[in-house]
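Q: Could you take me through a close look at one part of this model, going slowly enough that I can follow along in the viewer? I would like to begin with a single residue and then see its surroundings.

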Amino acid sequence: MGHASALRAFCWIGAALDALAVVALISPAVSRGMLGVDAPPTSELLYAMRTGAALMLGWTLLLLWAGLRPLERRAVVLLTVVPVLLGFVATEIVAVCEGFLPAANAASLLGMQALLGVFGLWAWRRASAGGRSAA
């Protein structure tokens, strides 16, 4: 896989996953089904979810934009891993520790985020090294 191809794949995979998150953040029913969390949709929760949906939609579009010129915009990949993915991981760990998010549901999210994070860092490092690192 070439430098640009790896970065582009990361961007497209990230954008697709973010688009799914937008749907979950817009709909408490979808979110409940995905996360197994049954929180009452109070006006405060809906406000927070809709704010998160707007931000997630923005990041989805940013990843699509970065995927158009992945080598030039590879910093978006690094910013997606650190702080975005790491922030999600920390948030999910806290949610499990506080008993809000079932550990079984968090495990699949954490696994996916770990794989995506490692892939993103690998693709970014490889492209940033200009082929000097081992493929």
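**A close look at Leu79 and its surroundings**

A: Leu79 is found in helix α4. Please keep in mind as you look that the model is predicted.

Let us begin with how open this leucine is. Leu79 has a relative accessible area of 46%, so it counts as partly exposed; the exposed class begins over 50%, and the buried class lies under 20%. Setting aside neighbours within four places in sequence, you will find Leu79 in contact with Trp59 and Val84. For a sense of distance, try Arg50: this residue is 29 residues from Leu79 along the chain, and 22 Å separates the two C-alpha atoms.

While you are in this helix, have a look at Pro83, which also lies in α4. The peptide bond leading from Val82 into Pro83 is cis, with omega near 20°.

Two further residues are worth a visit, each in another helix. Leu57 has its place in α3. Its relative accessibility is 42%, which is why Leu57 counts as partly exposed. From the C-alpha atom of Leu57 to that of Ser27 is 14 Å, with their positions 30 residues apart along the chain. Met112, in turn, lies in α5. Because its relative accessibility is 31%, Met112 counts as partly exposed too. Met112 and Leu17 are 95 residues apart along the chain, yet their C-alpha atoms are separated by 9.8 Å.

Now for the pocket. The largest pocket has a volume of about 1200 Å³. Its lining is made up of 36 residues, and the closest to the centre are Ala21, Leu25, Leu35, Phe88 and Glu92. If you colour the model by helix, you can trace where the lining comes from: α1 (3-26), α2 (28-35), α3 (43-68), α4 (75-97) and α5 (103-128) each supply at least two residues. The helix that gives the most is α3, with 9 residues. Sorted by class, the lining holds 26 nonpolar, 7 polar and 3 charged residues.

It helps to step back to the chain as a whole. There are 5 helices and 0 strands, and from the N terminus the order of elements reads α-α-α-α-α. The C-alpha trace spans about 50 × 25 × 20 Å along its principal axes. Of the 135 residues, 30% count as buried. The accessible surface of the chain amounts to about 7800 Å², and carbon and sulfur atoms account for 73% of this area. Among contacts between residues at least 6 apart in sequence, 72% join partners at least 24 apart.

Finally, a word on confidence. The average pLDDT over the chain is 94, and 96% of the residues score at least 70. Among the elements, the highest mean pLDDT is that of α3, at 98, while α2 has the lowest, at 92. So α3, home to Leu57, has the highest mean pLDDT among the elements and also gives the most to the lining of the largest pocket.

How values were computed. Residues numbered from 1 in each chain as written. Predicted model: local features only at pLDDT ≥ 70, side-chain atom pairs only at ≥ 80, totals over all residues. Heavy atoms only, no water. 1 Å grid on protein atoms, 1.4 Å probe; cavity = no way out; pocket = protein on both sides within 12 Å on 5 of 7 lines; lining within 4 Å. Points joined across faces, edges and corners; volume = space filled by probe spheres on them. Helix = DSSP H or I, 4+ residues; strand = E, 2+ residues; numbered from the N terminus. Nonpolar A, V, L, I, M, F, W, Y, C, P; charged D, E, K, R; others polar. pLDDT = per-residue confidence, 0-100. Buried < 20%, exposed > 50% of the residue type's maximum accessible area, 1.4 Å probe, protein only. Contact = heavy atoms within 4.5 Å. Areas by Shrake-Rupley, 256 points an atom, 1.4 Å probe, with all protein chains shown as cover.
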